[in-house]
Amino acid sequence: FGAPKYSFVFYLLDMYVKEVILDGFKSYAHRTVVENFDSQFNAITGLNGSGKSNILDAICFVLGISLLSQVRVSSMQELIYKQGQAGVTKASVTIVFNNENKDEGQCPVGYAQNNEITVTRQIVMGGRNKYLINGRMAQSKQVQDLFQSVQLNVNNPHFLIMQGRITKVINMKPPAILEMMEEAAGTRMFEQKKEAAKKSIEKKERKMEEIRSLMDDEIEPKLERLRKQRADYERYLTFQVEIDKIQRYVAAATYVRTKENIVKKEQEVKDNRSKTEECKEEIQSVQIDQKRYEADIKKMKETLQKNKSDSSTTQMEKKEKELFKEVVQAKSAVEYKRKELEEEEKKLNAIAAEKAENQTLISAKEKEKVEKEKDFEQTAEKVDKVKQQLKNAENQLQLLKSGVAAGEDGLSLTEQLMQLNKLMTQTKTEITKAEARIKHCSKSVKDSEEAAKKQDEMFSSCKADLEKASAEAQALHDQLEQLGYDADAVADMQHQLDGINKQVRDLQREISNTEDRFSSLKFDYADPWAGFDRRTVKGLVAKLIDVKSRDHTLAVEVAAGGRLYNVVVDNEQIGSSLLSHGRLQRRVTIIPLNKIQGKVADERVQKKARVISNGNADLALQLIGYDQDVQVAMQYVFGNTFVCPDGQTAAAVAYDKEVHCRTVTLGGDEYSPAGTMTGGAKGTLGNTLASLQALNDKRREMKQLQVSQANLQQQMQGCSTAKEQYQRLKREYDVKRVAVQQLEQRMERSEQHQSQVQVVQMKEEIQSLLSQVEQKKAFLVETEHKIKKIEAEARDFEGGVEKQKKVEAEIQKHKKAFEKLQPQLANKQNAVHTVVMELEDLINAGDDENRRKQEKEVEDVRNSIDQLLKVVESREEEHGIAKRELDKAHERLRKESEALNQKQEQFEQCEQREQELNRELKSLDHTGQQLKKEIGGMQDHLQRLLKDHPWIPQSEPLFGQKGGEFDWSLHNLREAPRNLER
C-alpha cells in the first residue's frame with residue numbers, strides 16, 4: 001500500500017488481502033467495500049482528508065494493534081464514526097484474505113480447507129469489543145495466533161515502515177538488520193517471550209513460596225486477630241457515633257415538636273374560648289323556641305282529639321277491614337290454586353320430557369340393537385365357517401387314517417421297519433452285556449464280603465472311636481444349647497452400640513457447633529467457692545423454656561425481649577457471688593427466684609382479652625413449657641404479655657382500658673398500652689429461639705440415645721460371663737468336631753470301608769442292570785409286535801404321512817380358532833338379549849294414559865282459578881269504594897297528626913339541642929383546663945430540654961435545613977427515639 005503521507009510494506013507470504021469492508025469506522029459512516037487488491041503491490045491515492053490513512057488504520061485494527069497512537073486515536077471510542085454522536089453506535093472492519101496457496105508454511109494452521117479467510121473486528125459504544133473468524137465468534141488470542149502462524153505481528157515495531165523511516169532502515173548496521181529480520185520472521189519475539197516467561201515463572205514461584213510461608217506462619221494469624229479487633233472497634237465507633245447523632249437528632253426533634261405543640265395548644269385555647277361564647281348564645285335562642293312550640297302543640301292536640309271521637313269514622317274502618325279480609329282470603333285461594341296449577345303443569349311437562357327422552361333412548365337403543373345383532377351375525381358366520389373348516393379337516397384326516405398307521409416320528413414304514421430291527425439288535429446286544437456284567441458283579445460282591453470278614457476287627461476298633469468322639473461332640477453341643485448364649489444377638493447388640501456411639505458423637509459435635517454460633521446463649525462462669533453447687537444456677541431464660549409451637553417462636557422472643565438472656569438462680573446470695581467471684585465474661589442480669597415477684601395477668605383481664613380477640617389472644621406464659629421450680633421467673637418474664645394473631649387484634653387488646661397489657665403479634669410487632677408500636681424489619685429476630693428449639697430437640701434425641709446406650713452396655717456386661725463360658729465350650733466343641741471329621745476320613749480311607757462302599761455300589765448296579773434287562777426284554781416284545789403291525793400296514797399303504805401331519809396341524813389351528821370365537825359369540829348373544837330387554841322397558845314406559853290424566857287435572861285447576869278470580873274482582877271493587885271513603889277521613893286526621901308530630905319533633909329537637917349545647921359547654925370548659933395543663937407541662941419539658949442540652953439555642957437556626965444534621969426529611973421523627981432505644 002502507498003499513500004502521499006507515508007509509505008509502508010504489508011507482505012503476508014502467499015496469503016494476501018482480497019478486500020476490506022468498513023462500516024462506521026472513523027470517516028466511513030456507511031458500509032464501504034475496498035476490493036480488487038493485488039497480491040504483490042497496492043497503492044491508495046487521493047486528496048488530503050479523503051480517508052486514505054483510515055484504510056490502513058482499519059487493517060491494523062483488525063490485525064489487533066495494541067498501541068492506539070499508531071492508528072491516531074487515544075481510545076477505542078474514537079474509532080467509531082464521530083464517536084457515536086451521529087447515530088452510528090458501532091464500528092466494524094472485515095478483511096477477506098485469499099488463501100488459495102496451500103503449500104506448507106504458506107497457510108494459517110487449521111485453515112487449509114478454506115480458500116478464503118474472513119476476519120472481522122467490531123467495537124460498540126461502551127467499550128464492548130468482539131472478533132469473528134469466518135462469521136463465528138472468536139477470542140483475540142485466536143486472531144493473534146492465526147496471524148502469528150504466518151509470521152505476522154502487527155505489534156512488531158518494524159511491521160509498519162512509515163514515511164521518513166525508510167532511510168533509517170537502509171542505513172541500519174548488520175546487527176540491527178538481523179534483529180529486524182528476526183522480528184519480521186517472528187522468531188525473536190517468541191524467544192524473548194520464552195526466556196522472559198521462564199525467568200518470570202522461577203521468580204514468581206520463589207516469591208510465592210516465601211509469601212505462603214510468611215502468610216501461614218505470621219501474617220494470617222495476626223491478620224485474623226486484627227480483623228476481629230478491627231470489626232469490634234469499627235462496630236463500637238459506628239454505634240457510638242450513631243448514638244450521639246441520634247441523641248442530638250432526638251433532642252432537636254423533641255425541642256422543635258414541643259415548641260410547635262405549644263403554639264398549637266395556645267391557638268386551641270383561643271378557639272375554645274370563642275366556641276364557649278357562641279355556645280352560650282345558642283342556648284338562649286333554643287330556650288325561646290321551646291316555649292313557642294309548647295303552646296302550639298297544646299292547641300293542636302285539642303283539635304285532633306275532637307275529630308277522632310267522631311263515630312262515622314269507626315264504622316267505615318270496621319267495614320273496610322271486613323272487605324279487605326274477604327279480598328285477602330279470595331286472593332289466597334287463587335294463589336293456592338295457581339301453585340297447584342304450577343305443580344300440575346310441572347308434572348305434565350315432566351311426562352312430556354320423559355316421553356321425549358324415552359323416544360330418544362328408544363331410537364338409540366334400536367340403533368344399538370341393530371349394531372349388536374349385526375356384530376353377532378358376523379361372529380356367528382365366523383364360527384360356522386371355522387366349524388365347517390374343522391369338519392372338513394377331520395374328514396380328510398379320517399380318510400388318511402383309514403389307509404395308514406405311520407410312526408410318531410413321521411418316518412416311512414420301510415424306514416420304521418429298518419429302525420426297529422436295528423433297535424432289536426442293539427437291545428439284544430445290551431441285554432447280553434448286562435447279563436455278563438451282572439455275573440461279574442455278583443462274583444466281586446462275594447469275594448469282597450469274604451475279604452471284609454478278615455479285616456472286621458480293626459475296622460470295629462476305629463468305628464468305636466468314631467462313635468465315642470461323636471457322642472462327646474454332641475454332649476458339648478447340648479451344653480452350648482443349654483447355656484442359652486446367642487452369639488448373633490450379642491454381635492447385633494455390639495453393632496447397635498457402635499451405631500449409637502457414632503450418633504451420640506455426631507450430635508455432640510452438632511450441639512457444640514450450634515452453641516458456638518450463638519455466643520449470646522453461652523453463660524460461662526467459675527465456681528465462686530470450692531464445692532459450689534452448680535444446680536443452684538438454673539441458666540439462661542432462653543434455655544429454660546420450650547416453645548410449644550414453632551409458629552410462636554418469633555412472638556415469644558419479642559415478648560421476652562432482653563430478659564430472654566437473663567440468668568435464673570436460686571437466691572440473691574448465689575447471684576451476688578456470681579457477679580463478684582464468677583469471673584463472668586460479659587454483663588448479665590440475674591433473676592433470683594426467692595426475690596423476684598412473678599406478675600401474671602389475672603383471670604378477669606385474660607377473659608376480657610379473649611372476648612376482645614374472639615378467643616385468639618393467649619398469654620405468652622401459656623405458649624411455653626418450663627420446669628415448676630422456675631415458674632416465678634417465667635411469670636416475671638412472660639406473665640403480663642399477650643400474643644395475638646395480627647396487628648388489629650393486638651392493638652384492640654393493648655389499648656383496652658380493662659386489659660392494659662403489652663401485646664405481640666405472631667409477626668413480631670409490639671403494641672404497648674402507652675400507645676407506642678414497634679415493628680418493621682425482623683432481621684435475625686426469631687432465629688435465636690428457633691435455633692434453640694432445634695438445639696433442645698437434639699439434646700433430647702441425644703438423651704434418648706444415651707439411655708439406649710446405657711441399656712445396651714448393661715446387657716453386654718450381663719452377657720460377659722456367659723460369653724467366656726460359651727467361648728470355652730465352643731473351642732472344646734470345635735476340637736471334638738475336628739477329631740470326628742478326622743476319624744470319618746480315616747474310616748473312609750480304610751480298605752474295609754472302601755470294600756463296603758464297593759459292595760453297596762455293585763449291589764445297586766446289579767439291581768439297576770436287572771431292571772434294565774427286564775425293561776429291554778419287554779421292549780423287545782413290544783418292538784416285535786410293532787414290526788408285525790407295520791409289515792401288515794405296509795402292504796396296504798403307499799404314502800400320505802406328510803399330508804396327515806399337515807391335516808392334523810390344520811385341525812389344531814381350527815380348534816384354537818373355534819375355542820377363541822365361542823366365548824365371543826356367547827358374549828355378543830348376551831349383549832343382544834340385554835339391548836332387546838332395555839328397549840322393551842323403554843317402549844312400555846312411554847304409555848300416553850298418564851299424560852291424558854294429567855292434562856285433565858290441569859284443566860280442572862284452571863277452571864277453579866277463573867271462578868276464584870271473578871270473586872276476587874267483585875270483592876276488590878267493594879273494598880275499593882269503602883277504602884276510598886275511609887282514606888279521605890284518615891287523610892284529614894293524618895294531616896292533623898303530621899302537623900302535631902312536626903311540632904313535637906321541633907320541640908324535641910330543641911330539647912336535644914339544648915342538652916347537646918350544655919354538654920358541649922362542659923366539654924369546652926374541661927378542654928380549656930386540660931389545654932392549660934398541657935401547655936404548662938410542655939413549657940416545663942422545654943425548659944428541661946434546654947437545661948439538659950445547652951447547645952440547642954445555638955443550633956436552633958440549623959433545625960430543618962436541607963442536607964444538614966437536622967434535616968427532618970431524612971429521618972422519621974417517630975422512629976428516632978425507638979432507634980435510640982435499640
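Which strands does helix 11 (residues 553–560) lie across? In this predicted model, helix 11 crosses strand 13 (641–644), strand 14 and strand 15, and runs at about 150° to strand 14. Helix 15 (residues 647–654) also lies across strand 13, strand 14 and strand 15, this time at about 175° to strand 14. The sheet behind these contacts is an open one of five strands, ordered 11-13-14-15-16, and its pairing is mixed. Its edges are strand 11 (618–619) and strand 16 (677–678), each of which pairs on one side only. Inside the sheet, strand 14 (residues 662–665) and strand 15 (residues 670–671) run antiparallel and are joined by two bridges. Thr-663 has Tyr-671 of strand 15 as its bridge partner.

A second open sheet has three strands in the order 7-9-10, again with mixed pairing. Here strand 7 and strand 10 are the edge strands, each pairing on one side only. From one strand to the next, the twist averages 20°. Strand 7 and strand 9 are antiparallel to each other and share three bridges, with Leu-540 standing opposite Val-567 in strand 9. Helix 12 packs on this sheet: it touches strand 7, strand 9 and strand 10, and its direction makes about 155° with that of strand 10.

Helix 12 (residues 572–581) deserves a closer look. Ile-574, Gly-575, Ser-577 and Leu-578 are its buried residues to note. They sit on the same side of the helix, because they cover an arc of only 165° around its axis. And what lies over them? The cover for the buried residues of helix 12 includes strand 7 (537–540), strand 9 (567–569) and strand 10 (590–592). At the N-terminal end, the helix is capped by Asn-571, which places a side-chain oxygen 3.1 Å from the backbone nitrogen of Gln-573. After helix 12 comes Arg-583, with a positive phi near 50°.

Next comes the nonpolar interior. The largest nonpolar core holds 62 residues, and Val-537, Met-634 and Phe-638 are the ones that touch the most other members. Helix 16 (residues 687–749) gives the most to this core, contributing 11 residues. Apart from this core lies another, of 44 residues, among them Val-20, Phe-37, Ile-55 and Leu-160. Leaving aside residues up to four places away in sequence, Phe-638 touches Val-541, Ile-545, Val-556, Ala-560, Ala-620, Leu-621 and Ile-624. As a general backdrop, nonpolar side chains in soluble globular proteins tend to be buried together.

Earlier in the chain, two hairpins follow one another. Strand 4 (residues 116–124) pairs with strand 5 (residues 128–133) in the antiparallel sense, over six bridges. One of the paired positions links Gln-122 to its bridge partner Lys-130 in strand 5. Three residues separate the two strands of this hairpin, and in the turn Gly-126 has a positive phi of about 105°. Strand 5 then runs antiparallel to strand 6 (residues 136–138), with three bridges joining them. Leu-132 has Met-137 in strand 6 as its bridge partner. Strand 5 and strand 6 form a hairpin too, with two residues between them, and Asn-134 in that turn has a positive phi of about 55°.

Two individual residues round out the picture. Asn-42 is found in the loop between strand 2 (32–34) and helix 1 (52–63). Is Asn-42 buried or exposed? Its relative accessibility is 15%, so Asn-42 counts as buried. A polar atom of the Asn-42 side chain lies 2.7 Å from the backbone nitrogen of Asp-38. Ile-288, by contrast, belongs to helix 5 (residues 187–308) and counts as exposed because its relative accessibility is 60%. Although Ile-288 and Cys-910 are 622 residues apart along the chain, their C-alpha atoms are separated by 9.5 Å.

How values were computed. Residues are numbered from 1 along each chain as its sequence is written. This is a predicted model: local features need pLDDT of at least 70, side-chain atom pairs count only at pLDDT 80 or more; totals for chains, interfaces and linings use all residues. Side-chain values use heavy atoms; hydrogens and water are left out. Buried means under 20% relative accessible area, exposed over 50%, partly exposed in between (1.4 Å probe, protein chains only). Helices (H or I, at least four residues) and strands (E, at least two) are DSSP runs, numbered from the N terminus. The arc is that of the directions from the helix axis to the C-beta atoms. Contact means heavy atoms within 4.5 Å. A polar contact is a pair of N or O atoms within 3.5 Å; within protein, one must be able to donate a hydrogen and the other to accept it, and residues adjacent in sequence count only if both atoms are side-chain atoms. Two strands pair if DSSP finds at least two bridges between them. Axes are lines fitted to C-alpha atoms, for helices over the stretch in contact, and angles run from 0 to 180 degrees between N-to-C directions. A nonpolar core is a set of buried Ala, Val, Leu, Ile, Met, Phe, Trp, Tyr and Cys residues joined through side-chain atoms within 4.5 Å.
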